Structure formats: structure tokens, C-alpha cells
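Biologist: Before we look at any details, could you take me through this structure from its charged contacts to its packing, and give the cut-offs as you go?

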Amino acid sequence: MGNITFGSFIAEKRKAHKFNLRDTAKHLNIAYGYLCDIEQSRRPAPNGDFVERISAFLNLDKSEHELLLDLAAKSRNTCLLYTSDAAD
């Protein structure tokens, strides 16, 4: 799979189900642009129940769900490193 990110994983699974970005965002009750930014790795994985909601929406199996959780944590840690450096 190469260099997979939280966003690219969501995009891949969404496209495999033939869900478009706008309808997916609407179903998840988030802005289209926000989901687009997540998929393009311009924003980290959201906190809260988003990972659970997207996992259920994409009908991920247990191993895919666990991978999504790992990618979400990695996404947040990467962004935190940048923000903590900027605060110094």
C-alpha cells in the first residue's frame, strides 16, 4: 500500500464503495471541504467519534478499523509535532 495516510485510506475505501465526497460528508454531518482536506492530508484526523462514524459508514472490518485507528493517531501526532515546534 505504500505511504498510506488516514486521509488516503478513507478516500480509497470511500471510492471502493463508489460513494462521492459530497454525499459522504453530508452523511457524516461535516462540511464537504473539511472532508476533502482530511482526505488530502491537509488536516489531521478529527477527535471524537468521527473515526467510529466513518468506519461504520464505510463498513470496515475489524482489521481495517484497527488500521484506521492507528492512522488517525499517527495523523494527530504528526500535526502535534508541528504545532508544538511553532509554539516555541
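**Charges, helices and packing**

Biologist: What relative accessible area does Asp49 have?

Modeller: Asp49 counts as partly exposed, because buried means under 20% relative accessible area, exposed means over 50% and partly exposed lies in between (1.4 Å probe, protein chains only). This is a predicted model, in which local features need pLDDT of at least 70 and side-chain atom pairs count only at pLDDT 80 or more, while totals for chains, interfaces and linings use all residues. Residues are numbered from 1 along each chain as its sequence is written, and side-chain values use heavy atoms, with hydrogens and water left out. The relative accessible area of Asp49 is 46%.

Biologist: Which residue meets the side chain of Asp49 in a salt bridge?

Modeller: A salt bridge here is a side-chain nitrogen of Lys or Arg within 4 Å of a carboxyl oxygen of Asp or Glu, and the bridge to Asp49 spans 3.2 Å from N to O. The partner counts as partly exposed at 30% relative accessibility, and this residue is Arg53.

Biologist: Which residues are joined into one network by salt bridges that share partners?

Modeller: One bridge to consider is that between the side chains of Arg43 and Asp37, at 3.2 Å from N to O, where Arg43 is partly exposed at 39% relative accessibility. The network formed through shared partners consists of Asp37, Arg42 and Arg43.

Biologist: How far apart in sequence are Lys13 and Glu64, the two ends of a salt bridge?

Modeller: Their closest N and O atoms lie 2.7 Å apart, and Lys13 is buried, with a relative accessible area of 16%. The bridge links distant parts of the chain, Lys13 being in helix α1 (residues 6-16) and Glu64 in helix α5 (residues 62-87); helices (H or I, at least four residues) are DSSP runs numbered from the N terminus. The separation is 51 residues.

Biologist: How many helices does the protein chain have?

Modeller: From the N terminus on, the elements run α-α-α-α-α. With zero strands, the secondary structure comes to a helix count of five.

Biologist: Which helix gives the most residues to the largest nonpolar core?

Modeller: A nonpolar core is a set of buried Ala, Val, Leu, Ile, Met, Phe, Trp, Tyr and Cys residues joined through side-chain atoms within 4.5 Å, and the largest one has 20 residues, of which Phe6, Ile10, Phe50, Ile54 and Leu68 touch the most other members. Helices α1, α2 (21-28), α3 (32-39), α4 (50-57) and α5 each supply at least two residues. The greatest contribution, four residues, comes from α4.

Biologist: How many aromatic pairs does the ring rule give?

Modeller: Rings of Phe, Tyr and Trp (its six-membered ring) pair if their centres lie within 6.5 Å, with planes under 30 degrees apart counted as stacked, over 60 as edge-to-face and the rest as tilted; by this rule Phe6 and Phe50 form a tilted pair, 6.5 Å centre to centre with 55° between the planes, and it connects α1 with α4 across 44 residues. Phe19 and Phe57 also form a tilted pair, at 4.8 Å and 40°, joining the loop between α1 and α2 to α4. Phe19 is partly exposed at 28%, whereas Phe57 is buried at 19%. The count of aromatic pairs is two.
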